[in-house]
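Trainee: I have the model open and would like to go through the ligand site with you. Shall we take it step by step?

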Amino acid sequence: MTINNLVNKRILLGVTGGIAAYKAADLVRRLQDQGADVRVVMTRAATEFITPLTMQALSGHPTHIDMLDAETESVMGHIELARWSDLILIAPASADFIARFCGGHGDDLLTTICLAAETNIAIAPAMNQAMWSNPQTQMNIAQLERSEVLIMGPAEGIQACGETGQGRLLDVDQIVQRTISIFPSEKLTGKKVVITAGPTRESIDPVRFISNHSSGKQGYALAEAAVEAGADVVVISGPTNLDPVDRARTINTVSADDMYAAVMSEIADCDVFIGVAAVADFKPVMQSEQKLKKTQDSNTMTIELIENPDIIASVAALSKRPFCVGFAAETEHLLGHARLKLQRKKLDLIVANNVADSSIGFNSDNNRITLVWNDGESDLPVMSKRNIAAKIVNHVSKQLDAQKV
Ligand code: C5P
């Protein structure tokens, strides 16, 4: 089974009362193996079969049971839970739950969440074979199918009660596969993307530093676009004023050396590395522990600088290396400098932008770029950093597909 198919996906797992409830524990793990973030809601009856604590420990989130539980409602209320999820998956779904769901009841937390949901709902029924083939259950199932609820199973076989027939919970692996197939595959599904963003700060003394102009906006926009394309995204960010990107993991760094170390710790299983950070080329040789003072005898000051590691060139030089995308912010000879950088740093793609024009670039929301790769280039008109990010992600996925052929 390929992993990471459910990265960035939020699944609310509803567990109802039945002997198969214990299999929900394994289901949490298998969904997490695919990258999903799973939260669990149990009916009261389910708690007779498996403890809420088990589900809490496995999911890493509080288990929600009652409508009016002040503690869990304050963490995330029932409407928020419904809004939070990309999919509500009820496994196992008992005959009683199916009947209540079908009747539009809102008499416990799980049915209320289903009523409030505007997202996909899937159920994996599990019950005695006679209960499953009962005409009322079959009518309920047919009605749910008409309302676009996805029915997974049930399977046939020996049942806990000793009878044989249809009604067993579908195999956990098959539930996971059916869940994956609900989500259309996106351009970077299954890929890990590491992005550096923002400036670095090279400290001179406790109050002063050397840095670059960089808002981090383009790097964060790229992280958002990669998340939307289904990637597992890590943002390694220098100091910025931006909110962390939802569904990406952010590692905050300050200096180029910090950023280098964070990148190297994430690079082993990385598929695409995008260096957007404006890394300071030099850092002070000495960092004073005390604030440097003005002196009476001189009105000049010399700070000796030493080169920082070139992060993207180090990544591109690794024997097992990801697809590498760099940025070239230039004030003159844009394309010539960009192409030289592409070759010197051994990159797969470089995004060139002219920073001499102050209406675009650094702190602006817009930018104008040219994409440059080994055997081609593409000039894009002025557009928002968000749209630029989507264009870059498209281009990267096309180049990755071309490499596979
Ligand atoms: O600063 P320069 O123009 O060389 O930056 C080109 C590319 O290299 C950018 O993608 C930048 O993030 C990356 N870079 C880096 N480490 C450095 C300098 C630049 O990763 N020390």
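Trainee: How far does a backbone N or O atom of A277 lie from an oxygen atom of the ligand?

Mentor: Keep in mind that this is a predicted model. A polar contact needs a pair of N or O atoms within 3.5 Å. For the backbone of A277 and a ligand oxygen, the distance is 2.6 Å.

Trainee: Which residue has a polar backbone atom 3.0 Å from a nitrogen atom of the ligand?

Mentor: Let's sort the contacts by ligand atom. G275 places a backbone N or O atom 2.4 Å from a ligand oxygen, so to speak on the oxygen side of our list. The residue paired with a ligand nitrogen, at 3.0 Å, is I311.

Trainee: How much of the ligand's accessible area does the protein cover?

Mentor: The ligand sits in the largest pocket. On its own, the ligand has 440 Å² of accessible area, and the share covered by the protein is 87%.

Trainee: Which elements give two or more residues to the shell around the ligand?

Mentor: Nice one to check in your viewer! The residues around the ligand include I311, I312, G326 and F327. The elements you want are α12 (311–316) and β16 (323–330).

Trainee: How many residues of the shell are charged?

Mentor: Among the residues around the ligand are D310, K341 and K345. By class, the shell has 7 nonpolar and 2 polar residues, and the charged ones number 3.

Trainee: Away from the ligand, how far apart in sequence are the parts that D86 and R247 tie together?

Mentor: D86 and R247 form a salt bridge, with their closest N and O atoms 3.0 Å apart. D86 is in the loop between α4 (78–84) and β3 (87–93), and R247 is in the loop between β11 (232–237) and β12 (249–252), so the parts they tie together are separated in sequence by 161 residues.

Conventions. Residues numbered from 1 in each chain as written. Predicted model: local features only at pLDDT ≥ 70, side-chain atom pairs only at ≥ 80, totals over all residues. Heavy atoms only, no water. Near = heavy atom within 4 Å. Polar contact = N/O pair within 3.5 Å; in protein donor to acceptor, adjacent residues only side chain to side chain. Areas by Shrake-Rupley, 256 points an atom, 1.4 Å probe, with all protein chains shown as cover. 1 Å grid on protein atoms, 1.4 Å probe; cavity = no way out; pocket = protein on both sides within 12 Å on 5 of 7 lines; lining within 4 Å. Sits in = over half its atoms within 2 Å of the grid points. Helix = DSSP H or I, 4+ residues; strand = E, 2+ residues; numbered from the N terminus. Nonpolar A, V, L, I, M, F, W, Y, C, P; charged D, E, K, R; others polar. Salt bridge = Lys/Arg side-chain N within 4 Å of Asp/Glu carboxyl O.
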